[in-house]
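Visitor: I should like to learn how to read the features of a protein model. Where might we begin?

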Amino acid sequence: MGFLELSHVKKRFGAFVAVEDFELITERGEFVSLLGPSGCGKTTTLRMIAGFEYPDSGSIKVDGKEITNLPPNKRNVGMVFQAYALFPNMTVASNVGFGMRVKKQSKDAITKRVGELLEMIHMPEKADRYPYQLSGGQQQRVALARALAVEPQVLLLDEPLSALDAKIRVALRNEIRAIQRQLGITTVYVTHDQEEALSLSDRVVVMSDGRIEQIGSPSEIYNFPATSFVASFVGTLNLLAARVVDPSAGRLAVEGQEIRAAKPISGARSGEIVSVALRPESISLEEGPEGTNRLRGPVVDVSFLGSIVRLRIRLGDGPTVSLDTFNDPNLTLPPIGEAVTVSFPPEASLVLDQPAAAPGADVAAGD
């Protein structure tokens with residue numbers, strides 16, 4: 001039995017199904033991210049755990065206790081919102097201690113707990129300041145401390161970093177993870193940012209159209225996507241339409257060029273069209289040793305992306321394949337228009353369960 005359990009949870013808004021048959025079991029102290037595009041149901045799921053929405057069916061339990069229909073104030077859950085939602089007329093210390101005062105805890109206990117949390121978020125010297133005197137990152141730290149002050153069983157975070165600039169986001173997400181590990185609190189984090197989800201989480205729940213697409217560790221989600229949606233949503237990806245040549249031998253053809261998967265293609269027949277996912281970093285700008293897959297075509301684009309350089313190679317009449325190589329001042333790159341051979345191991349050719357639309361379709365490659 002897990003610590004936080006959602007079983008067959010469903011939520012409608014009129015005719016619109018926001019969440020469909022959602023099932024998740026998290027362990028005590030686990031950090032789980034709900035990842036997906038806007039409108040996929042991740043925030044609605046979080047709000048049902050918090051008690052701000054009630055499911056039409058299914059159940060939600062925390063530590064074996066049914067909380068499905070309890071009001072928010074009867075659930076021992078802490079929530080951090082995207083908009084900091086601090087009380088502007090209260091000091092930092094008063095904001096952090098607000099929930100404890102509502103629970104009528106003693107003044108000494110509140111003072112002690114607030115002091116501990118301000119130390120934890122590295123803001124003890126700002127106890128007497130007001131929200132308008134703080135930066136966005138500082139305000140979100142205060143909001144986190146306020147959520148933790150009541151010692152919740154579950155911490156919920158709804159895109160808490162989306163309003164902050166890039167450097168602050170990276171610094172604060174590291175702090176959130178460090179605090180979560182220190183306290184050992186079960187955490188559910190909602191984000192549309194794949195980098196946040198992959199860097200923070202013990203497990204990631206990828207959602208689309210109200211349904212779970214895949215649940216797994218960050219490594220599993222990135223390296224072994226179960227569907228075309230997961231493959232294209234998480235990370236930069238080459239998604240190629242390939243014709244099955246010999247399913248038992250894992251042989252495929254992309255624009256007439258044969259490649260091989262690492263294992264037999266189960267459930268497919270010769271001549272069938274399938275989707276093959278390739279990560280750009282798994283492809284090399286060379287022919288590679290015997291046994292590696294090779295594709296050939298002209299270079300159509302070269303992009304400098306800081307630490308990496310991304311090349312796009314045209315295959316046949318339509319699709320392109322992107323490859324990444326580390327930036328090096330002495331790196332010699334082929335000019336646009338030059339035909340090159342790229343290679344990748346069979347293990348990098350991930351055949352997805354969902355079929356591709358047609359051979360020769362453009363590659364879906366994007367963050």
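**Reading the model**

Guide: Let us begin with one residue: Arg173 has a relative accessible area of 10%, so it is buried. Please keep in mind that this is a predicted model.

Visitor: With which residue does Arg173 form a salt bridge?

Guide: The partner is Glu195, and the closest N and O atoms are 2.9 Å apart. This pair joins distant parts of the chain, as Arg173 belongs to helix 5 and Glu195 to helix 6, 22 residues apart. Glu195 counts as partly exposed because its relative accessibility is 47%.

Visitor: How many salt bridges does the structure hold?

Guide: There are twelve. One of them connects Glu116 and Arg113 at 3.9 Å, N to O. Both residues lie in helix 3, three residues apart, which is about one turn of the helix. Arg113 is buried, since its relative accessible area is 14%, whereas Glu116 is partly exposed at 36%. Together with Lys112, these two residues are linked in a network of salt bridges. Another salt bridge brings together Glu258 and Arg251 at 2.7 Å, N to O.

Visitor: Which side chain of opposite charge is nearest to the buried Arg75?

Guide: That side chain is Glu66, 8.4 Å away, and Arg75 has no salt bridge. Arg75 lies in the loop between strand 5 (65–66) and strand 6 (77–80). Its side chain does reach the backbone oxygen of Ile49, at 2.9 Å. Among the residues that Arg75 touches are Met48, Gly51, Tyr54, Ile67 and Asn69.

Visitor: How should I read a nonpolar core?

Guide: In soluble globular proteins, nonpolar side chains tend to be buried together. Here the largest nonpolar core has 34 residues, of which Val96, Leu144 and Leu155 touch the most other members. Two or more residues each come from helix 2 (92–102), helix 3 (107–120), helix 4 (136–149), strand 7 (154–158) and helix 5 (166–183). Helix 4 supplies the largest share, seven residues.

Visitor: Which residues does Leu144 touch, leaving aside those up to four places away in sequence?

Guide: Leu144 touches Val80, Leu155, Leu157, Ile176 and Ile179. There is also a second, separate core of 26 residues, which includes Cys40, Val154, Leu156 and Val205.

Visitor: Helix 5 has now appeared more than once. Which of its residues are buried?

Guide: They are Leu172, Arg173, Glu175, Ile176, Arg177, Ile179 and Gln180. These buried residues pack against strand 3 (31–35), helix 3, helix 4, strand 7, strand 8 (186–191) and helix 6 (194–200). Helix 5 has 18 residues and spans 26 Å from its first C-alpha to its last, close to the 26 Å expected. After the helix comes Gly184, with a positive phi near 65°.

Visitor: What should I make of a positive phi in other residue types?

Guide: Most residues other than glycine have a negative phi. In this model, His122 has a positive phi of about 60° although it is not a glycine. His122 is located in the loop between helix 3 and helix 4, and its relative accessibility of 56% is why it counts as exposed.

Visitor: In which loop is Asp209 found?

Guide: Asp209 is in the loop between strand 9 (203–208) and strand 10 (211–216). Its phi is also positive, near 50°. With a relative accessible area of 66%, Asp209 is exposed.

Note on methods: Residues are numbered from 1 along each chain as its sequence is written. This is a predicted model: local features need pLDDT of at least 70, side-chain atom pairs count only at pLDDT 80 or more; totals for chains, interfaces and linings use all residues. Side-chain values use heavy atoms; hydrogens and water are left out. A nonpolar core is a set of buried Ala, Val, Leu, Ile, Met, Phe, Trp, Tyr and Cys residues joined through side-chain atoms within 4.5 Å. Buried means under 20% relative accessible area, exposed over 50%, partly exposed in between (1.4 Å probe, protein chains only). Helices (H or I, at least four residues) and strands (E, at least two) are DSSP runs, numbered from the N terminus. Contact means heavy atoms within 4.5 Å. Lys and Arg count as positive and Asp and Glu as negative; His and the chain ends are not counted. A salt bridge is a side-chain nitrogen of Lys or Arg within 4 Å of a carboxyl oxygen of Asp or Glu. A polar contact is a pair of N or O atoms within 3.5 Å; within protein, one must be able to donate a hydrogen and the other to accept it, and residues adjacent in sequence count only if both atoms are side-chain atoms. The expected span of a helix is 1.5 Å times one less than its number of residues.
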